[in-house]
Amino acid sequence: MGSVLAASSPSPPPPPSAAGSASPGVTMPPGFGMPPVPPAAPPTGSGAGKEQRAENLLPNPGAFDECHRKCKEVFPMQMEGVRLVVNKGLSNHFQVNHSLLLSTTGDSSYRFGATFVGSKQTGPAEFFPVMVGDMDNSGSLNSQIIHQISSRIRSKVAFQTQQQKFVNWQGDAEFRGEDFTAMVTFGNPDVLAGSGIIITHYLQSITPSLALGGELVYHRRPGEEGSVLSLVGRYTASDFIATLTLGSAGAHASYYHKANEQLQVGVEFEASSRMQDTSASFGYQLDVPKANLQFKGSVDSNWVVGATLEKKLLPLPLSLVLCAFLNHQKNKFQCGFGITIG
Amino acid sequence: MSESNVKKGSLSRATEWISSIYRFATDRNDFRRNLVVNLGLFATGVWVARNLSDFDLMSPQPVT
């Protein structure tokens with residue numbers, strides 16, 4: 001069971017974010033992400049020269065999309081309505097899940113999901129290929145296939161449909177070198193219509209703490225084409241990570257700080273030149289393992305205050321989630337309640 | 001007479017300067033103003049995260 005649970009995403013899918021990606025029209029299916037790749041081990045050997053070369057080797061900087069992830073994970077996820085999730089592992093390779101969402105603002109829905117994990121092991125708790133899919137009661141499908149082609153190349157194919165119509169389809173390939181990561185993504189390619197999106201990412205370790213990189217998005221459709229370039233810099237220390245992304249579309253800065261084993265703090269700043277809007281957010285995560293409790297809170301410059309409380313009801317295989325968000329500016333309140341079984 | 005005119009001129013300039021700063025600080029529709037305010041909030045948040053978050057929740061309570 002461990003390999004299936006390690007590969008699948010246990011948390012509910014996050015709400016779609018219009019400003020989450022620099023590539024217009026291409027959005028990742030909710031709740032999907034690349035499994036972590038273990039860092040490349042430095043070459044071993046006798047001799048002072050080889051030891052010095054091993055010490056001078058820069059670490060792989062990780063994926064481009066993960067630059068801001070540590071800070072994002074500290075913030076609570078907004079949830080509305082009542083959610084019931086049942087996870088059932090049928091074998092070490094196969095798991096199914098049922099999700100029922102009862103909502104007061106939108107449509108209630110039921111989703112059935114399945115996760116298959118192969119037997120090719122590339123690291124501790126990392127097995128490939130990974131196939132994840134889920135379908136809701138209206139027939140809309142989200143699916144993703146991740147496979148490690150070689151020790152350094154990983155590929156992913158993702159599809160998203162709304163009922164019977166394909167909305168998103170994309171494929172990408174990621175190459176992890178000794179001290180760099182390069183990825184190319186093809187989004188919604190349509191050879192007949194001559195449209196599509198190509199995204200390239202590159203991230204290079206400059207020092208053991210500093211990584212610099214860039215993202216180039218090229219989009220084309222009949223009669224129109226354009227490109228967007230963004231640069232990213234990330235500084236990693238023992239207890240904090242500071243990341244800055246600058247581009248023609250705007251800027252995104254994040255600061256993640258691990259105060260101690262119980263407390264993590266995240267601060268974010270986002271500015272969009274297109275929307276002519278800026279925002280700053282402060283969030284924290286409190287872990288109390290003795291009480292099997294996790295609390296996340298946030299406040300931002302738009303006067304939105306939110307919090308989520310997650311508690312495992314041991315020895316039962318139950319997890320309870322309470323969520324509340326209050327928008328003082330618009331005078332709106334949202335609360336959510338969820339139970340996860342298995 | 002000329003000194004009082006100079007003083008009145010500098011006073012009116014200072015008043016105009018203060019008024020423009022007040023209008024800039026309170027205009028919520030101004031992108032540059034929002035940018036400066038939110039950058040300040042971000043810097044404050046980073047300072048709080050680095051300096052005010054080092055408390056241990058699991059430490060024993062003081063006995064009175």
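This is a conversation about how to read a predicted model with chains A and B.

Trainee: Let's begin where the chains meet. How many residues of chain B are in contact with chain A?

Mentor: Keep in mind that we are reading a predicted model. In it, 18 residues of chain B are in contact with 25 residues of chain A.

Trainee: And what area is buried between chain B and chain A?

Mentor: The general idea is that the size of an interface is often given as the accessible area lost when the parts come together. Here the area buried between chain B and chain A is about 1,800 Å², and carbon and sulfur atoms give 72% of that. On the side of chain B that touches chain A, the classes are 11 nonpolar, 4 polar and 3 charged residues.

Trainee: How many salt bridges and polar contacts are there between the two chains?

Mentor: The rule finds 0 salt bridges across the interface of chain B and chain A. For polar contacts, the count is 4 residue pairs, with both residues at pLDDT 80 or more.

Trainee: Which residue would show me such polar contacts?

Mentor: Try A:T278, in strand β15 (residues 277–288) of chain A. Its side chain reaches the backbone oxygen of B:N34 at 3.3 Å, and a polar contact of 2.6 Å joins the side chains of A:T278 and B:N38. Leaving aside neighbours within four places in sequence, A:T278 is in contact with residues of both chains, including A:F269, A:S301, B:F31 and B:L35.

Trainee: Is A:T278 buried or exposed?

Mentor: A:T278 has 3% relative accessibility, so it counts as buried, the cut-off being under 20%.

Trainee: Now the nonpolar side. Which residues make up the largest nonpolar core?

Mentor: In soluble globular proteins, nonpolar side chains tend to be buried together. In this model the largest nonpolar core has 12 residues, among them A:F240, A:Y255, A:L263 and A:L286 from chain A, and B:F42, B:V46 and B:A49 from chain B. The elements giving two or more residues to this core are β13 (250–258) and β14 (263–272) of chain A, along with α2 (31–51) of chain B. β14(A) gives the most, with 5 residues.

Trainee: Which residues does B:F42 touch?

Mentor: Not counting residues up to four places away in sequence, B:F42 touches A:A253, A:S254, A:Y255, A:V267, A:E268, A:F269 and A:A280.

Trainee: I see A:E268 in that list. What does A:E268 form a salt bridge with?

Mentor: Its partner is A:K72, with the closest N and O atoms 3.3 Å apart. A:E268 lies in strand β14 and A:K72 in helix α3 (residues 69–72), both of chain A, so the pair ties together parts that are 196 residues apart in sequence. Check accessibility for each partner too: A:E268, at 5%, counts as buried, while A:K72 is partly exposed, with a relative accessible area of 42%.

Trainee: How many salt bridges does the structure hold over all chains?

Mentor: There are 7 over all chains. One of them joins A:D172 and A:K156, whose closest N and O atoms are 3.8 Å apart. A:D172 sits in strand β7 (residues 165–176) and A:K156 in strand β6 (residues 153–162) of chain A, 16 residues apart. Both A:D172 and A:K156 are buried. Another salt bridge brings together the side chains of A:R220 and A:E225 at 3.4 Å, N to O, and A:R220 is partly exposed, with a relative accessible area of 42%.

Trainee: Let's turn to the backbone. Where are there cis peptide bonds?

Mentor: Look at omega. The bond from A:F128 to A:P129 is cis, with omega near -10°, and A:P129 is in strand β4 (residues 126–136) of chain A. A cis bond also joins A:L314 and A:P315, with omega about 5°. A:P315 lies in the loop between β17 (304–312) and β18 (318–327) of chain A.

Trainee: And which residues other than glycine have a positive phi?

Mentor: A:Q276 has phi near 55°, and it is found in the loop between β14 and β15 of chain A. Phi of A:N331 is also near 55°; this residue lies in the loop between β18 and β19 (332–341) of chain A. As for accessibility, A:Q276 counts as partly exposed at 46%, and A:N331 as exposed at 69%.

Methods
Residues are numbered from 1 along each chain as its sequence is written. Chains are lettered from A and ligands numbered from 1 in the order in which they are written. This is a predicted model: local features need pLDDT of at least 70, side-chain atom pairs count only at pLDDT 80 or more; totals for chains, interfaces and linings use all residues. Side-chain values use heavy atoms; hydrogens and water are left out. Contact means heavy atoms within 4.5 Å. Buried area is the accessible area (1.4 Å probe) that two parts lose on being put together, summed over both. A salt bridge is a side-chain nitrogen of Lys or Arg within 4 Å of a carboxyl oxygen of Asp or Glu. A polar contact is a pair of N or O atoms within 3.5 Å; within protein, one must be able to donate a hydrogen and the other to accept it, and residues adjacent in sequence count only if both atoms are side-chain atoms. Ala, Val, Leu, Ile, Met, Phe, Trp, Tyr, Cys and Pro count as nonpolar, Asp, Glu, Lys and Arg as charged, and the others, Gly among them, as polar. A nonpolar core is a set of buried Ala, Val, Leu, Ile, Met, Phe, Trp, Tyr and Cys residues joined through side-chain atoms within 4.5 Å. Buried means under 20% relative accessible area, exposed over 50%, partly exposed in between (1.4 Å probe, protein chains only). Helices (H or I, at least four residues) and strands (E, at least two) are DSSP runs, numbered from the N terminus.
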